[in-house]
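Here is a short tour to read with the structure open beside you. Take it a section at a time, and turn the view as you go.

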Amino acid sequence: MHIHAYEKLWLAASLLLILFLLGSVTYGAVGPGVAMVTDSEPAIDAGALDEDERFSEPRVEQVGENEYEAYVLAFQFGFQPDPIVVPENSTVTFYVTSRDVIHGFEVVGTNANTMVVPGEVSEITVETDGPAEYGIVCNEYCGAGHHAMEGKLEVVPQSEFDERTNGGDGE
Amino acid sequence: MSEAIEGERTFADKFPEEARIVRAALLGSFLALTLGAIFGIIQTLHRTGVFRGLIDSTDYYTSLTAHGVFLALSFTTFFLVGLFTWAVVRSLDRPLINTKITWTWYGLMAAGMTMTGISILAGFVDSIEMSADVLFTFYAPLQAHPMFYAGLAVFIVGSWIAGADYFRTWLAWKREHPDERIPLQTFMVLTTMAMWYIASSAVAASVLIFLLPWSLGLIDQVNPTLTRTLFWFFGHPVVYFWLMPAYLLWYTVLPKIAGGRLFSDPLARVVFVLFLLLSTPVGIHHQYLDPGIAEGFKFISMTNTMFLLLPSLLTAFTVVASVEYGARQRGGSGLLGWLTDLPWRKPEFTGMMLAGLMFAAGGFSGMVNAGMNINYMIHNTIWVPGHFHLTVGTAVALTFMAATYWLWPQITNKPIYSRSVGLFQVVLWFIGMALMSNAMHAQGILGVPRRTAEPEYSGFDYPTMFGGFEELNIQIAIGGTLLFVSTVLFIGNLVLTMGNPKVSGLAETLPPALSGPDDAPRVLDNLRLWVGIAVTLVVLAYMLPLAAIINRGGLLGPGVGTYPVWLSPMLDALANAATALLGAIGDESAALVEVIR
């Protein structure tokens, strides 16, 4: 089969581009450590979330020094807790599930973004910066009220976080 | 057309019955295009907040389902079965074996799409307890009316019989021409249909085994991740099912219009074989953000996806080289000077070239989608519809429209009503799409979600980067309006063309490639081998993920409810109100009867 010299050159350049793209993602995973949503969490019964330790009471919990876990419930048409309040400069892992249909969980303007599938728990870990407010939107069509499904993520100073989360406990 | 040889017969002259089928398929396609465009303009204006008076935001999703199904499934598939019928009959130079079968598949496809279409459009009428507001992707546990799924199944079965029709016609030809190479256009049709059989098997299984019985109440629940994965098993290769007919036109028709011929027949075959092999084992790249699917499976899917860039990159080279050859045949010279020696006044040429140019842009945004990590920035944002309005919405749709200006006269013997309006129409599409798609990509980076009636939220404002949210909305609205006008011009021009008298001398021939099929290794024509490898790759890519998904959630779901969007509480309330009203009327009439007595 005759292949023109320019075409061979083009073919080589194309293969190089493909390898570069694959390499860049691989580097992102092993270098800066960009983690993916994966099957890390076991499946869950979407019909029995009120009996689940984490999702019967959606909340933010401290699990280590400067480490927090947020258990978030998505439903037609909102998120719980709302707002989600986390402290600044901390590591927050979100565990998100749905009690009805497929939703999305997107912290607007960031790469914190995951599908939320009933029967599954999505896990994403983020590093927070300074105090800020972010919108959270459902970015997967979930029914007639989809466009009203929003939430809020508030990154607040540590003192304010302690006040707002522990205030009720009298600490 | 000047280069037509006087007295040569057109396709319509040689194969009148087949020409009738091609016309019927194309007309079905243009009906879908018209409907899709109407919903398109409604959505553009609604979503951007320019005009929300026509539909409620809750009905936006009915419109969006109609827009997706009519354009992505109906417009594309009807056009391509028409085009493929033409391509097979023309390149084999023999009629179909039995046009009764041909009309059967056409009838099935039309009936199936009508059923699905009715179930969607009924969503606008509150008094009909039927709707299918599940969008083109119909993710469970959102549930459509059973007729939506049944119609899809019938439509797909129709397309399978169409494929069998092409294969049987080719086998008949092969008996008559035992030692000849498969003509290039037929080769392209057969590889595309082989890919389609593999790809659509999954969605057919999903519909027939899970979704249809579930919507009929025969089973209680389904596994959302499983049906979603089976959808994307089909959902990515289906984009190549749309694209490969456009490639067929770019490879075999565009070079001729440019005044030249195809650069290399063997490489065209290689490209189509690559599509057959690689189109399907990539669907999980639509599920990078899905929980319940291991990262490793996602990585394998990404690797396959990146290699799927190869046939498109090769196509870019071959198409440009073929067009350049045409320009130089016409006296073009210089490094880029030949560009001025191309037939830019022909709508079929300019339309296809602009479509190819936009496909390049769509290819680059596709590389972003395919990258597992940067995908997080844009997943399910309006960036994604921005991307596929460049690919299926322009590379495919604009190529089909442009090709119609060339093909329609040959299947009708009627010249196009106005070729200058045609030229204006294709350029207008390009401008409209450039505005709309670019602004959609930009909004996506701001985090604006796709598939929403009201992308503005009460609790926060979007960050401002490439112009603010509002400004980009205006660009989307203007672009969408231009696209609608362009579609109206296309359809109007075609309707006026139908009123033209039949003339002779419209025949066009397609010259053979510079490097002909004899330069291609014989093994390229061994379809059994390629289908075998394609199936193996699909099994390798999907067996473990599907097993893992079923293992996690069960074949029929991990305790997930049913959310029919076709029997909403509002409808129940309406029904109750109606019953009460009827009861009251009954009492009234009873009282009236009493009085009369």
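## A helix residue to start from

Helices here are DSSP runs of at least four residues, numbered from the N terminus. With that in hand, Pro545(B) can be placed: this proline belongs to helix H18 of chain B. Keep in mind throughout that this is a predicted model.

Is Pro545(B) buried or exposed? A residue counts as buried if 20 or more other C-beta atoms lie within 10 Å of its own, and Pro545(B) has 24 of them within 10 Å, so it is buried. Leaving aside residues up to four places away in sequence, Pro545(B) touches Thr229(B), Ile284(B), Ile293(B) and Phe297(B). One of these partners, Ile293(B), lies 252 residues away along the chain, with its C-alpha atom 6.9 Å from that of Pro545(B).

## Helices H2 and H17 of chain B

Helix H17 of chain B runs over residues 469-498. Its 30 residues reach 44 Å from the first C-alpha to the last, close to the 44 Å expected at 1.5 Å a residue. H2(B) gives a similar picture: it has 32 residues and a reach of 46 Å, close to the 46 Å expected. After H2(B) comes Gly49(B), with a positive phi near 80°.

Which residues of H17(B) are buried? They are Leu472(B), Asn473(B), Gln475(B), Ile476(B), Ala477(B), Gly479(B), Gly480(B), Leu483(B), Ser486(B), Thr487(B), Phe490(B) and Asn493(B). As you look along that list, it may help to recall that an α-helix has 3.6 residues a turn, so residues three or four places apart point the same way. The buried residues of H17(B) pack against three helices of chain B, namely H2 (16-47), H15 (383-412) and H16 (419-446).

## Two helix pairs

Two packed helices are described by the angle between their axes and the distance between the axes. For H16(B) and H17(B), the angle is about 155° and the axes are 7 Å apart. That angle makes H16(B) roughly antiparallel to H17(B). The crossing of H16(B) past H17(B) is left-handed. Sorted by class, their contact holds 21 nonpolar and nine polar residues, with no charged residues.

The second pair in chain B is H3 (residues 60-92) with H6 (residues 184-215), packed at about 140° with axes 8 Å apart. H3(B) and H6(B) are therefore oblique to each other. H3(B) also passes H6(B) in a left-handed crossing. On the H3(B) side, Phe84(B), Ala87(B), Val88(B), Arg90(B), Ser91(B) and Leu92(B) take part, and they meet Leu184(B), Gln185(B), Thr186(B) and Val189(B) of H6(B). By class, this contact has six nonpolar, three polar and one charged residues.

## Where chain B touches chain A

How many residues of each chain are in contact with the other? There are 63 in chain B and 52 in chain A. On the side of chain B that touches chain A, at least two residues each come from H7 (224-235), H11 (295-307), H12 (309-329), H14 (375-378) and H18 (527-553). The largest share, six residues, is supplied by H11(B). By class, this side of chain B has 37 nonpolar, 18 polar and eight charged residues.

## Backbone features in the loops of chain A

Two cis peptide bonds deserve a look. One joins Gln76(A) and Phe77(A), with omega about 5°. Phe77(A) sits in the loop between strand E2 (67-75) and strand E3 (78-80) of chain A. The other runs from Asp82(A) to Pro83(A), with omega near 0°, and Pro83(A) is in the loop between E3 and strand E4 (84-87) of chain A.

Two asparagines have a positive phi although neither is a glycine: for Asn66(A) the value is about 65°, and for Asn89(A) about 45°. Asn66(A) lies in the loop between strand E1 (59-64) and E2 of chain A, whereas Asn89(A) lies in the loop between E4 and strand E5 (91-98) of chain A. Why does Asn66(A) count as exposed? Because it has 12 C-beta neighbours inside 10 Å, and 12 or fewer is the cut-off for exposed. Asn89(A), with 13 such neighbours inside 10 Å, counts as partly exposed.

Conventions: Residues are numbered from 1 along each chain as its sequence is written. Chains are lettered from A and ligands numbered from 1 in the order in which they are written. This is a predicted model: local features need pLDDT of at least 70, side-chain atom pairs count only at pLDDT 80 or more; totals for chains, interfaces and linings use all residues. The expected span of a helix is 1.5 Å times one less than its number of residues. Two residues are in contact if their C-beta atoms, placed from the backbone, lie within 7 Å. Axes are lines fitted to C-alpha atoms, for helices over the stretch in contact, and angles run from 0 to 180 degrees between N-to-C directions. Angles under 35 degrees count as roughly parallel, over 145 as roughly antiparallel, 65 to 115 as roughly perpendicular and the rest as oblique. A crossing is left-handed if the near helix is turned anticlockwise from the far one by less than a right angle, and right-handed if clockwise. Ala, Val, Leu, Ile, Met, Phe, Trp, Tyr, Cys and Pro count as nonpolar, Asp, Glu, Lys and Arg as charged, and the others, Gly among them, as polar.
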